[in-house]
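Student: Could you take me closely through the pockets of this predicted model, and above all through what lines the largest pocket? I would like one connected account.

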Amino acid sequence: MKILTAEGEQLKNCETHYYKYEDGEYIGVVRSVVENKEPVPVTIKFPEKAAVYESISGRFLGNTDEIHDEYVSSDVRMYSLLPEEVEGWNLTFSKDRFEQGDVLKYKLTRVPVSENDIYHILHIEFILPDGSTCWWYSDNVVASAKDGYEGKIRLALNEAKGEWRIKVT
């Protein structure tokens, strides 16, 4: 991987960290603290074409081997290079309605389901009826592209009543 400035030079004061797991590749980029706080436009060239995501923001950057970005002092990026694009995730429940004290069982299934051996880190955020995040149920999970993820939580006996939302990123 190369991170090039507009002048075609390798970006200075920058660390890259590479990790490969099964069919996915993950690249972390950390820009050191520099005196010049102005954004620096860069071109990042990957070894081969892939479905590229900026994992922290969740942005899909395209099926490509080259992206354009901007870095400022102390920026951090995490790129995921996958063999195929992920359209989304389906969330299903074991039943339609849950009461206080129930065990809420749910399943996440990738769209499209894949035969590639890819694992995704997903953040599941449970949102209370008042719109605030329920941090005691929210979690990061590892979901398989083939099998998805199955989870369960026991709702407290004094849990907030009303319509909850679940956000998966």
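Tutor: What follows takes the largest pocket, then the second largest pocket, and ends with a single loop residue. In this predicted model, the largest pocket holds about 720 Å³ of space, and its lining is made up of 23 residues, among which S55, H120, I121, L122 and T169 lie nearest the centre. The elements that each contribute two or more residues to that lining are strand 2 (14-21), strand 4 (40-54), strand 6 (76-82), strand 7 (88-93) and strand 9 (119-127); of these, strand 9 gives the most, with five residues. Sorted by class, the lining of the largest pocket has 13 nonpolar residues, eight polar residues and two charged residues.

The second largest pocket holds about 460 Å³ of space and is lined by 17 residues, of which R97, F98, L155, G162 and W164 lie nearest its centre. Its lining divides into eight nonpolar, two polar and seven charged residues.

Turning to the single residue, E159 sits in the loop between strand 11 (149-154) and strand 12 (165-168). E159 is buried and yet has no salt bridge, the nearest side chain of opposite charge being that of R154, 11 Å away. The side chain of E159 does, however, make a polar contact of 2.5 Å with the side chain of Y137.

Terms used
Residues numbered from 1 in each chain as written. Predicted model: local features only at pLDDT ≥ 70, side-chain atom pairs only at ≥ 80, totals over all residues. Heavy atoms only, no water. 1 Å grid on protein atoms, 1.4 Å probe; cavity = no way out; pocket = protein on both sides within 12 Å on 5 of 7 lines; lining within 4 Å. Points joined across faces, edges and corners; volume = space filled by probe spheres on them. Helix = DSSP H or I, 4+ residues; strand = E, 2+ residues; numbered from the N terminus. Nonpolar A, V, L, I, M, F, W, Y, C, P; charged D, E, K, R; others polar. Buried < 20%, exposed > 50% of the residue type's maximum accessible area, 1.4 Å probe, protein only. Lys, Arg positive; Asp, Glu negative; His and termini not counted. Salt bridge = Lys/Arg side-chain N within 4 Å of Asp/Glu carboxyl O. Polar contact = N/O pair within 3.5 Å; in protein donor to acceptor, adjacent residues only side chain to side chain.
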